[in-house]
Amino acid sequence: MNTFWLSLVPIVWLTVIVALLGIVFDTAIVLGLYGVILLGIVIYHLYTLHCLDQWLRYSDYSYSTVPDRSGLWGVVFARLARFVRRRDKERLGLNISLERLQRATSVLPEGIVILGDKDQIEWCNSSAELHLGLDLGMDVGQHVTRMVRQVRFVAYLDAGDFSKPFLLKQTRFRDMLLSIQIVPYGDSEKLLISRDITRFEKLEIMRRDFVANVSHELRTPLTVIGGFLETLLEENKISGDMEKNALRLMFDQTTRMRRLVEDLLTLSQLENAGNNLTEEKVNIVQLLQGLYQEAQSLSAGRHIISLDLASHAMLFGNQDELRSAFENLISNAVRYTPDNGVISLGWTVENGKGLFYVQDSGIGIEPNHIPRLTERFYRVDRGRSRETGGTGLGLAIVKHVLNRHQASMEVTSQPGEGSTFRIWFPGDRVLYAENIAE
Ligand code: ADP
């Protein structure tokens, strides 16, 4: 029966009995008694309501503490008890899942820290404790920058751009290099994931040192061999076409190897983190005028080359590195543009940013190759690269130089129609004539 009808049953019975008694006894006395009993019923309901209120306010909401009543309230409390039991079961299930999740994350080699809306630490696993020197028991609620105090990390967190991981040199505990990735989730919470990349960094340093050492060791013997071959060719002491051809081939291959060794050395110098950028005011106009002359002699009249100097702004950077980057782009334009093609070089300032560009009407590049061009030894056409004296390292060198100058490169190309390489320099590197102090 529905609880409403159930609640009416005692009142209906009482009314029937009172009506019957009213026939036999004095009506006033019977109605008085009726009133007293009704008042008792109201007081019972109010008291039970009070018990429910007390339970809601002060109990631990456990199944065993739900008040025990009969009748209408018995039905209500039985439903409440069923609801509490079901919730307890669900909560137990959730606790087990949470515990399992915490056990699983605690054995992850990656450190995991849950940050709240104000970047305060809410939870972390044991790897994060090890990586960042945290103590879950003591540091919960602390702002993460109180535990990781490096100024660069604070700036990284404030900037809010987490597209790239942050490299954190942790010297406080062990000499550890950490890659910190921050993943925002929910309304304003964040997940901080730390990875120990010390071993990879050591391997990378070993690789770089190995390449640099090998290149360095090869440099002298190659210079000696190249020198002797050149002398032999120049002095015309070798008779016989076959010998002369062999000598020419040996000289060409030695020259190629020397170029490769030079490019490898340049790359390893650029990659060396300890090699800080020495900066100066670079007169781009003068630099490009020199490179324009070099392009003319490299092309040997096979192309129409123009230079457009729309700005006289200078650039704050490293002259040798910038020369090397621009040289690589210009020599690529000459090497990958068939005879009678057009090549335009230019320097301008757009929206406050410095812009250097090389445009050619050459063979162009299929779009799928463009993202990979700056990888070492990546060539679209290996044969053509070799034929024209390429090492496959030119654009890798360009990329490193640009990174060191906070510059970016944009490549647009149409196969068969030509390519444009644009380099954008940040505004704070551009120096205008009125700002250039001698
Ligand atoms: P490489 O010494 O082989 O030229 P780079 O690193 O300078 O090496 O360039 C990588 C590859 O990008 C080249 O092998 C070539 O396929 C392509 N490339 C670079 N510049 C141009 C260009 N201006 N036109 C067409 N292809 C180009």
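## Ligand shell

A residue is taken to surround the ligand if one of its heavy atoms lies within 4 Å of it. By that criterion 21 residues surround the ligand in this predicted model, the closest being Arg335, Tyr336, Ser385, Gly392 and Leu395. The shell divides into nine nonpolar, eight polar and four charged residues, where Ala, Val, Leu, Ile, Met, Phe, Trp, Tyr, Cys and Pro count as nonpolar, Asp, Glu, Lys and Arg as charged, and the others, Gly among them, as polar.

## Polar contacts and cover

For polar contacts with the ligand, the criterion is a pair of N or O atoms within 3.5 Å. A side-chain N or O atom of Asn332 is 2.9 Å from an oxygen atom of the ligand, a polar side-chain atom of Asp360 lies 2.9 Å from a ligand nitrogen atom, and a backbone N or O atom of Val380 lies 3.1 Å from an oxygen atom of the ligand. Of the 530 Å² of accessible area that the ligand has on its own, the protein covers 98% (Shrake-Rupley method, 1.4 Å probe).

## Leu355

Leu355 lies in strand 10, residues 353-360, strands being DSSP runs of E with at least two residues, numbered from the N terminus. With a relative accessible area of 3%, Leu355 is buried (under 20%, 1.4 Å probe, protein chains only). Leaving aside residues up to four places away in sequence, Leu355 touches Gly346, Trp347, Thr348, Glu350, Arg422, Ile423 and Trp424, with contact meaning heavy atoms within 4.5 Å.

## Basis of the values

Residues are numbered from 1 along each chain as its sequence is written. In this predicted model local features need pLDDT of at least 70, side-chain atom pairs count only at pLDDT 80 or more, and totals for chains, interfaces and linings use all residues, while side-chain values use heavy atoms, with hydrogens and water left out.

Key. Polar contact = N/O pair within 3.5 Å; in protein donor to acceptor, adjacent residues only side chain to side chain. Helix = DSSP H or I, 4+ residues; strand = E, 2+ residues; numbered from the N terminus. Buried < 20%, exposed > 50% of the residue type's maximum accessible area, 1.4 Å probe, protein only.
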